[in-house]
Amino acid sequence: MMKGRRKFLGLIPGFVVANSSNILLSLNTQKILVMLVLAIAFFFASIIPVRIAVALHQAPIPQAILVLGGASERMEFAARFWRSHTNVDIWVSDYARNLDVNRRIFQQFDVPNQRLHLDGRATDTVTNFTTLVEDFVRQKLQHIYLITSDYHMKRARAIAAIVLGSHGIAVTPVEVPSQGDKSETLVRILRDCGRSILWVVTGRTGASFNPRM
């Protein structure tokens, strides 16, 4: 009787009858996914904070300056900030089209070219960090000043904690005052944290999640 009913339901267009083996497979897949998510969560909740703590212990004073592009006032602020930290290099991550303008700003403040590293590979805030982290590792940097606008800092710090923190690099935030811009939404912060975790796990930034891309 049950077999006949299942055959009848299976003849109805759009009606799919799941058998017990498919249901069991689905449950096993769900368990595997849950275990994988928990393992990743454990990694980020335990390993990264430890690596950041070690970096701060070994390099309590920042060894470089990272400026996030997108606004000329950030470059001017960084140039003035460098005048009291002339022993470190400045790294700028911005759109490639902005690099010439950025260089001229730093030249106006007498920042030597040998202290300046301009990188135009970034397309958004997540890639500001993912494109440079290997350079920082090669330079053996463990602690960096992070300069960006005040409204942008929460998202930047969250991304830095994951991308740079996973490589044992800590940041000290230095906010550039803005003119009444609202802090970015929690949704944007969580979205980019998810993209950062995706990058750590897969090497991909999930740029398609950025509506501007």
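## Confidence in the model

Mean pLDDT for this chain is 86, with 81% of the residues reaching 70 or more. Please keep in mind that this is a predicted model. One stretch to read with care is residues 1–12, where pLDDT stays under 50. For that stretch the model has seven contacts beyond four places in sequence.

## The chain at a glance

Eight helices and five strands make up the secondary structure of the chain. If you walk along the sequence, you meet them in the pattern α-α-β-α-β-α-β-α-α-β-α-β-α.

Of the 213 residues in the chain, 39% are buried. Contacts often bring together parts of the chain that are well separated in sequence: among contacts with a separation of 6 or more, 77% are between residues 24 or more positions apart.

## The sheet

The five strands form an open sheet, in the order E3-E2-E1-E4-E5 and with parallel pairing. Strand E3 (116–119) and strand E5 (170–176) are the edge strands; each has a single partner, so one side of each is left without a neighbour in the sheet. On average, neighbouring strands are turned by 20° against each other, direction ignored. As a quick reminder, strands of a sheet pair through backbone hydrogen bonds, either parallel or antiparallel.

Two of the pairings are worth tracing on the structure. Strand E1 (residues 64–68) and strand E2 (residues 89–93) run parallel and are joined by five bridges; in this pair, Ala-64 stands opposite Asp-89. E4 and E5 also pair in the parallel sense, over seven bridges, and here Ile-147 faces Val-174 of E5.

## Helices on the sheet

Helix H4 (residues 99–108) lies across E2 and E3, and its direction is at about 160° to E3. Helix H7 (residues 153–163) also packs on the sheet, where it touches E1, strand E4 (143–149) and E5. The direction of H7 makes about 150° with that of E4. Together, E4, H7 and E5 make a right-handed β-α-β unit.

H7 is largely enclosed by the rest of the structure, because eight of its 11 residues are buried. The buried residues of H7 are Met-153, Arg-155, Ala-156, Ala-158, Ile-159, Ala-160, Ile-162 and Val-163.

## A close look at Ile-90

Ile-90 is a handy place to centre your view. This residue lies in strand E2 and is buried, with a relative accessible area of 0%. Leaving out residues up to four places away in sequence, Ile-90 touches Ile-65, Val-67, Ala-78, Trp-82, Phe-106, Val-111, Arg-115, Leu-116 and His-117.

Ala-79 is another useful landmark here. Ala-79 and Ile-90 are 11 residues apart in sequence, and their C-alpha atoms are 8.7 Å apart in space.

## Salt bridges

Side chains of opposite charge can pair when their charged atoms come close. In this model the count comes to 10 salt bridges. One of them joins the side chains of Arg-121 and Asp-119, at 2.7 Å from N to O. Arg-121 is partly exposed, with a relative accessible area of 46%. Asp-119, at 12% relative accessibility, falls under the 20% limit and therefore counts as buried.

Elsewhere, seven residues to select together are Asp-124, Arg-155, Glu-184, Arg-188, Arg-191, Asp-192 and Arg-195, which are linked in a network of salt bridges. Arg-155 also appears among the buried residues of H7. Within the network, Arg-188 forms a salt bridge with Glu-184, and their closest N and O atoms are 3.6 Å apart. Arg-188 is partly exposed at a relative accessible area of 30%, whereas Glu-184 counts as buried at 14% relative accessibility.

Arg-191 and Asp-192 also meet in a salt bridge through their side chains, with 3.0 Å from N to O. In this pair Arg-191 is partly exposed, with a relative accessible area of 22%, while Asp-192 is buried, with a relative accessible area of 1%.

Technical notes. Residues are numbered from 1 along each chain as its sequence is written. This is a predicted model: local features need pLDDT of at least 70, side-chain atom pairs count only at pLDDT 80 or more; totals for chains, interfaces and linings use all residues. Side-chain values use heavy atoms; hydrogens and water are left out. Two strands pair if DSSP finds at least two bridges between them. Helices (H or I, at least four residues) and strands (E, at least two) are DSSP runs, numbered from the N terminus. Axes are lines fitted to C-alpha atoms, for helices over the stretch in contact, and angles run from 0 to 180 degrees between N-to-C directions. Contact means heavy atoms within 4.5 Å. A crossover is right-handed if, with the strands pointing away from the viewer, the path from the first strand over the helix to the second runs clockwise. Buried means under 20% relative accessible area, exposed over 50%, partly exposed in between (1.4 Å probe, protein chains only). A salt bridge is a side-chain nitrogen of Lys or Arg within 4 Å of a carboxyl oxygen of Asp or Glu. pLDDT is the predictor's confidence in each residue, from 0 to 100.
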